[in-house]
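I set out to record, entry by entry, what I looked up in this structure. The notes are written for a reader who has not seen the structure before.

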Amino acid sequence: MNSIVRSSELSRRAGLNLKQVHVRWLITLVVACGAIIVFFPFFWMAVTSLKTAPEIQRVPLQIAPDNWLNLTNYIEVFKREPFMRYLLNSTIVASIAAVSSVVVSSLAGFGFAKYHFPGRDFLFLAVVGIMMVPFQSVVVPLYVWMNDLGLLDTYMGIVAPDLVSVFGVFLMRQAIEMIPNDYIDAARIDGASELRIFFLVILPSVKPAIATLLIIKFLWSWNEFFWPMVVISSPQMKVVTMGLMSFTNMYFIEYNLLTAAAVISILPILLIFITLQRWVVQAVVMSGLKG
Amino acid sequence: MRQWFRIAFPKNYLDRRKRAGFLFVLPALLFFGSVFVLPLAQSIMYSFYKIAPGGAKEFVGLRLYEKVLTDPTFWTAVGNTVQLLLFSVPTTVVLALAVALGLNRITNLRWRNVWASMYFLPFATSLVAAALIWQWIFDPVYGFLNYALSFVGIPPQKWLQSLVEVRPAIAAVSVWVRIGFDTMIFLAALQSIPEEYYEAADMDGASAVQRLRYITLPLLNPQIIMVCILELIFNFKIFDQVYATTQGGPAGESQTVIMLLYDTAFKYFRFGDASVMAVFVFVTLMLVTLLQWRLFRKPVEY
């Protein structure tokens, strides 16, 4: 069967006429041009961050900076704003969100995938249904809660609504469902407790899903803006996205500094993203194909 | 009830196991209950009360709904949001579909990955950073876009500062951020379509357009609907991009629903009014999602 498919594929490829080859090149060209356009803003941001204020106001516009190693804007960013502190705040918040998400989601995923308690299917549906509730619809009561609990302007306050996401529960359930029941039963026969099974059987078998969730949750939390704007008021508690806003106002923006700050805010996440892209794509596809 | 009692106080092994399962999901349930379900109920409740700054509540029935829903500012914001949506959602979905179809035809895997990653990169950036970079590109005097357009003879435009162009310009930022995400979903779906279908179509002498029309698009239907719904929800909740750049201006032309909600709640501290908007957003998105689901979802068999 397989060889038949392959041979027909081969004959099809061999049968490509000149016109088809041209079409293929054209498609590649269009796709590549689009990719370059999409990538351009990153390039432009990086280039602008290396220019001086007079340079970016040159007419006609000049693409390359005079000095490719001009890092004065970056130094200035750290001088003007406690940007290190912002980076630290974002790192703390995103790490807590990612780790707590993995812990709670994998526990819940295990419960939903491998146990038959009454009301399980209803509860799972209810959890999925929560995806329909926009965060903006619950933000006012959450703010009141944070105020009552004294969590305004604290790390706990920023991270609180981010500790678990429906997506995480969904992802972990999906992954844990794939583990054969025999493994779990074998552990039970050996006398392992349910919690021990979770740590020694379940978690090691779903490492890819854990990696995926860690990355995507870190990314989402790092890029969060709306909720931090609501809970944070003091400068030293700001996260990176809010810190970026310090370089912009309605009347006059120093774009050379702003782009330097933007590079600083994007770079860590972009590096993580590029090196671990495989996992992120997996998460996106997961959320897409099962929707 | 008895069943639950038995599981809460298990006497045998199987019940104990069921209790363990329930305990595993309990933290997540408590979290979602306290962060989404309860606050949603509170939002609905707040929308019927007038709340004084001290915290004193007074039941006012539908008065706040009447007030907000007859306020022209609110409907302008809704109108702006819908216009933004109409620019960005179809553009994103169509472009993403086109890119995915193109990527799928590239046979060199290494290059395909390179191009795909480039489309996917904006997904990693924060909306704030994305919007600010674009604001610089859109700059009327020193911006790159006007510079590039000058080569094809288009005079400088004001983009984000123009009453007419501000919404398409903001929509472009949303398209840029989201295109990679949608492309990835489409690409994965395209790759799961069995090759045999196309071979059969080839034997029947189907043209490329026919193959797209009668095989690819019908099989992609679930993903297209889902992506449309996701984009609709994402774009209806637009906030970061607007807040970071125009703050709703010029002259309120880019004021959106969530911007208004944010200002009402956290600038003017009118929680009641904001809650009416919160309920409005929830109900609208719910209805739109359910409607799209009902109208367009067809069962697909591979």
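The entries below go from the domains and chain contacts to the core, a helix pair and single residues.

**Entry 1. Status of the model.** I noted at the outset that this is a predicted model.

**Entry 2. Domains.** I looked up the domain assignment of each chain. In chain A, the assignment gives domain 1 as 2–48 and domain 2 as 75–289. The C-alpha centres of these two domains of chain A are 35 Å apart. For chain B, I found domain 1 at 2–46 and domain 2 at 66–296. Here the C-alpha centres of the two domains are separated by 37 Å. I then asked how many residues of domain 1 of chain B are in contact with domain 2 of chain B. Four residues of domain 1 meet six residues of domain 2. On the domain 1 side, I counted three nonpolar residues, one polar and no charged.

**Entry 3. Contact between the chains.** I next examined where chain A meets chain B. The contact involves 73 residues of chain A and 75 residues of chain B. Several helices of chain A give two or more residues to this side, including helix 5 (83–114), helix 6 (120–129) and helix 15 (255–275). Which element of chain A provides the largest share? I found that helix 2 of chain A does, with 15 residues. By class, the chain A side has 53 nonpolar, 18 polar and two charged residues.

**Entry 4. The largest nonpolar core.** I looked up the largest nonpolar core and found 164 residues in it. A:Ala261, A:Ala262 and B:Leu132 have the most contacts inside this core. The largest share of the core, 16 residues, comes from helix 8 (residues 166–191) of chain B. I followed A:Ala261 further: leaving aside residues up to four places away in sequence, A:Ala261 touches A:Val77, A:Phe83, A:Gly243, A:Leu244 and A:Phe247.

**Entry 5. A helix pair in chain B.** I turned to helix 8 of chain B again, now with helix 5 (residues 109–120) of chain B. The two axes come within 7 Å and cross at roughly 135°. Helix 5 of chain B is therefore oblique to helix 8 of chain B. From helix 5, the contact is made by B:Ala116, B:Tyr119 and B:Phe120. From helix 8, the contact is made by B:Ile179, B:Gly180, B:Thr183, B:Met184 and B:Leu187. The residues of this contact divide into six nonpolar, two polar and no charged.

**Entry 6. One loop of chain B.** I looked up three residues in the loop between helix 11 and helix 12 of chain B.

- B:Thr256 lies in this loop. I asked whether B:Thr256 is buried or exposed. B:Thr256 counts as buried because 29 C-beta neighbours lie inside 10 Å. Its C-alpha atom is 10.0 Å from that of B:Thr73, 183 residues apart along the chain. Among the residues that B:Thr256 touches are B:Ala77, B:Asn80, B:Ile238 and B:Val242.
- B:Gln247 is also placed in this loop. B:Gln247 is not a glycine, yet has a positive phi of about 55°. With 14 C-beta neighbours inside 10 Å, B:Gln247 counts as partly exposed.
- B:Ala251 is found in the loop as well. Phi of B:Ala251 is positive, near 55°. With 9 C-beta neighbours inside 10 Å, B:Ala251 counts as exposed.

**Entry 7. A cis peptide bond.** Lastly, I noted that A:Val59 and A:Pro60 are joined by a cis peptide bond, with omega about -5°. A:Pro60 is in the loop between helix 3 (53–56) and helix 4 (72–80) of chain A.

Notes:
Residues are numbered from 1 along each chain as its sequence is written. Chains are lettered from A and ligands numbered from 1 in the order in which they are written. This is a predicted model: local features need pLDDT of at least 70, side-chain atom pairs count only at pLDDT 80 or more; totals for chains, interfaces and linings use all residues. A nonpolar core is a set of buried Ala, Val, Leu, Ile, Met, Phe, Trp, Tyr and Cys residues joined through C-beta atoms within 7 Å. A residue is buried if 20 or more other C-beta atoms lie within 10 Å of its own, exposed if 12 or fewer, and partly exposed in between; C-beta atoms are placed from the backbone. Helices (H or I, at least four residues) and strands (E, at least two) are DSSP runs, numbered from the N terminus. Two residues are in contact if their C-beta atoms, placed from the backbone, lie within 7 Å. Ala, Val, Leu, Ile, Met, Phe, Trp, Tyr, Cys and Pro count as nonpolar, Asp, Glu, Lys and Arg as charged, and the others, Gly among them, as polar. Domain bounds come from an automatic or database domain assignment. Axes are lines fitted to C-alpha atoms, for helices over the stretch in contact, and angles run from 0 to 180 degrees between N-to-C directions. Angles under 35 degrees count as roughly parallel, over 145 as roughly antiparallel, 65 to 115 as roughly perpendicular and the rest as oblique.
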